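Grab a pencil and let's work through some exercises on empty space in a protein. Each one gives you a task, then a solution in steps.

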Amino acid sequence: MSMLMTAARRLRTNWQDPEIRRHVGWLFLGKAIGLAVVLTLMTRWFLPDVVGAQTAPAAPAPDATTAYNALNTVWVLVAAFLVFCMQVGFVMLEAGFARSRESVNILVEGIADTCICGVTFWLWGFAFMFEPGNGFIGLTGFGLQGLAPTYGTTGVPLLAFWVFQFAFADTTSTITSGAMIGRCGFVGDLLYSVGVTGFLYPIIGHWAWGPDGWLATMGPVSFHDFAGSTVVHTIGGAISLAGAIALGPRLGRIFKRDGGGPLPAHDLIVGAAGGLLLWFGWYGFNPGSTLSALDMQGIGRVSFNTTLAACSAGLTAMFYGYFRTKKWDLALITNGFLAGLVAITCPCYWVDPLGAFFIGIGGGLVVVWGIDLLEYVRIDDPIGAVPVHMMGGIWGTLSLGLFAAGKYGAPTPTGADNSAPLAGLFYGGGFGVLKAQLIGSAAVTAAALGSGLALMYLVKATGTLRVSAEGELEGLDIHEHGSSAYPEYMISGSESLMIGISAKEEAAA
């Protein structure tokens, strides 16, 4: 209380001072002016917006089309990146299953093929495959010029769709090299790579995936290939077979019927790891082919079917191989699950889990029988590209006509349209789908193999398809590229000596 009285006396004393009264007056005047300015600004700029907001019409709702197209675009691009990662898996698989002296060659070819594919698929390959023309080839959109900003009815930007399809085209090109490892010249590889990615793959692929392709529009039941058992894998595998035929076997390759067998892989660890990386990339390959993130049931079903088919195929190949040789063969189980993945790629959207399981078993059997067949007819395929991709692709394409569940139609940008489901023979659908699949698979296989043989023999006529005998014995890494994947080793002909061992021997001497 005494403090309040003291403060009051001080205030009264100060107020009696004229100088203090003058300063306080100026202070209050300044505050009043500042307050007036603030109120004026608020009245002029803020209040009209408030009043206008009360009387103006409500803002339009966000465009749902833009929202789901954005989501679908992200989905397609993520899937494209996964598919592109399969290139790492392919070169690891091929290098691991081949001999050490051709490892660098495999990587250089894989990278060069990817670059060639990007340029050719941009300039004319995409137009041949995905643009209108006639039943056999697209005739517009070269260099992606004059095309709509989004592709067809997908709502996905054209360039994003191109990236996704480029990864598929690159996969086909890489498959082609598989059966040609160890004796194909690098210049020859460059030439046939232009032919495959620029012409054979997009033109034949247009038949099934083009907007007016004759297989896609065939009646009464059209040909179906959801993610490419035929369009990617059968085409790539058939051209690879053509290359193996044109090249002939590697020097020193003796087949089983002649008392020999396949040459041993130089690094099964790298090969099997590459196979697992391919399995991972397949989760972009198959689910991404919905082109729609909003088809949630479809994405889940495709992912599950992809997984189950790979598992049943791998187990089938492993146990079947053990039954025959009493050995648990790492290379065989790897090619087994890859064949299951190839097989399920066509029917993955339209089959149920039981169908996927049996399709995988079929893939595991087909790859073993395919390896035996090539060995019997003396065709040298170092990594099993033809049994896995061509034969596995044919089986998977035909399996749709057997196992289509009769419940699933097609993905759309906003979900699934199940108004026209596919039903196979085992699900009460009759022979309609199976007949369409047989026609499509036979036509594509014959066209790919025939045109592949023509391409390979044309390249062979230039003298660049196969390296010289001296170059093959020296090893493609040194002969073609001047470097070894394993500089710790001295590679000379068929002999490989570790420098470390030699050093120890010299020290002991």
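**Exercise 1.** Sort the lining of the second largest pocket by residue class, then say where the pocket is.

*Solution.* Step 1: the classes come out as 16 nonpolar, 4 polar and 11 charged residues. Here Ala, Val, Leu, Ile, Met, Phe, Trp, Tyr, Cys and Pro count as nonpolar, Asp, Glu, Lys and Arg as charged, and the others, Gly among them, as polar.

Step 2: the space in this second largest pocket is about 690 Å³. Of its 31 lining residues, P262, D329, A331, I371 and P382 are the closest to the centre.

Step 3: two or more lining residues come from each of α9 (296-325), α10 (330-345) and α11 (353-376), and α11 has the largest share, 5 residues. Helices (H or I, at least four residues) and strands (E, at least two) are DSSP runs, numbered from the N terminus.

A quick word on the model: it's predicted, so local features need pLDDT of at least 70 and side-chain atom pairs pLDDT 80 or more, while totals for chains, interfaces and linings use all residues. Residues are numbered from 1 along each chain as its sequence is written, and side-chain values use heavy atoms, with hydrogens and water left out.

**Exercise 2.** Do the same for the largest pocket: what is its volume, and which residues lie nearest its centre?

*Solution.* Step 1: the largest pocket holds about 1,000 Å³ of space. On a 1 Å grid over the protein atoms alone, a pocket is an open set of points with protein on both sides within 12 Å along at least five of seven lines; a cavity is a set where a 1.4 Å probe fits but cannot get out, and lining residues have an atom within 4 Å of a point. A volume is the space filled by probe spheres set on the points, which are joined across faces, edges and corners.

Step 2: 30 residues line the largest pocket, with W209, S289, L291, A410 and P411 nearest its centre. Helix α5 gives the most, 4 residues.

Step 3: by class, this lining has 18 nonpolar, 11 polar and 1 charged residues.

**Exercise 3.** How many cavities of 30 Å³ or more does the structure hold, and what lines the second largest one?

*Solution.* Step 1: there are 2 such cavities. The largest has a volume of about 40 Å³, the second largest about 30 Å³.

Step 2: V91, E94, I106, E109, G110, T174 and S177 line the second largest cavity. Helix α4 supplies the most, with 3 residues.
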